[in-house]
Amino acid sequence: MTMKKNLNNKTSNPVLVFSPLKRFIGYFHSLTAAAAAFKMSRSSIHQACVGPSISCCGLYFRFLANDIEIENGDYGTLRLEEYDSCLLYTSPSPRDISG
C-alpha cells in the first residue's frame with residue numbers, strides 16, 4: 001500500500017471510487033464530478049460515502065480523508081478494506097459516528 005499522509009487536501013471534498021471487487025479505480029475532485037461521470041445522483045453517492053448505503057450501482061465510494069494522499073500506484077491495487085482501516089487511525093468518519 002502506498003498511501004501517505006497529505007496536509008494539502010483542504011479546499012474540496014474529493015471522492016474515491018472502488019470497483020465491485022473493492023479495488024481503487026477512480027478519483028474525482030468533488031461529489032458533483034463523480035455524479036456527473038457516473039450519471040448518478042449526488043445524494044446516492046453521498047450516502048455510499050458516509051454510510052446509509054454500502055454501495056451505489058455496484059461501486060463503492062468514499063470521501064478522501066484530509067490527511068491521506070492517493071498515488072498513481074494505488075490504482076487497481078488499493079483495497080477498500082485497506083483504505084477504511086487507515087481511516088480508523090485518522091479522524092473519525094461519518095461512518096464511525098453515525099451509529
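**View 1. Lys22 sits in the loop that links strand E1 (15–18) to strand E2 (24–28).** In this predicted model, phi of Lys22 comes out near 65 degrees, a positive value in a residue that is not glycine. How exposed is Lys22? Its relative accessible area is 28%, so Lys22 counts as partly exposed, since that class covers values between 20% and 50%.

**View 2. Lys39 is found in the loop between helix H1 (31–38) and helix H2 (42–50).** Here too we meet a positive phi outside glycine: for Lys39 the angle is near 55 degrees. Lys39 is exposed because its relative accessible area, 75%, lies over the 50% cut-off.

**View 3. Three strands form an open sheet in the order E2-E1-E3, with antiparallel pairing.** Which strands stand at the edges? They are E2 and strand E3 (60–63); each has a single partner strand, so one side of each has no neighbour in the sheet. On average, neighbouring strands of this sheet are turned by 25 degrees against each other, direction ignored.

**View 4. A closer look at E1 and E3 shows their antiparallel pairing over four bridges.** To find your way around, start at Phe18: its bridge partner in E3 is Tyr60.

**View 5. Helices H1 and H2 pack on the sheet.** H1 touches E1, E2 and E3, and its direction makes about 120 degrees with that of E2. H2 touches E1 and E3, and its direction makes about 75 degrees with that of E3.

How values were computed. Residues numbered from 1 in each chain as written. Predicted model: local features only at pLDDT ≥ 70, side-chain atom pairs only at ≥ 80, totals over all residues. Heavy atoms only, no water. Helix = DSSP H or I, 4+ residues; strand = E, 2+ residues; numbered from the N terminus. Buried < 20%, exposed > 50% of the residue type's maximum accessible area, 1.4 Å probe, protein only. Pairing = 2+ DSSP bridges. Axes fitted to C-alpha atoms, helices over the stretch in contact; angles between N-to-C directions. Contact = heavy atoms within 4.5 Å.
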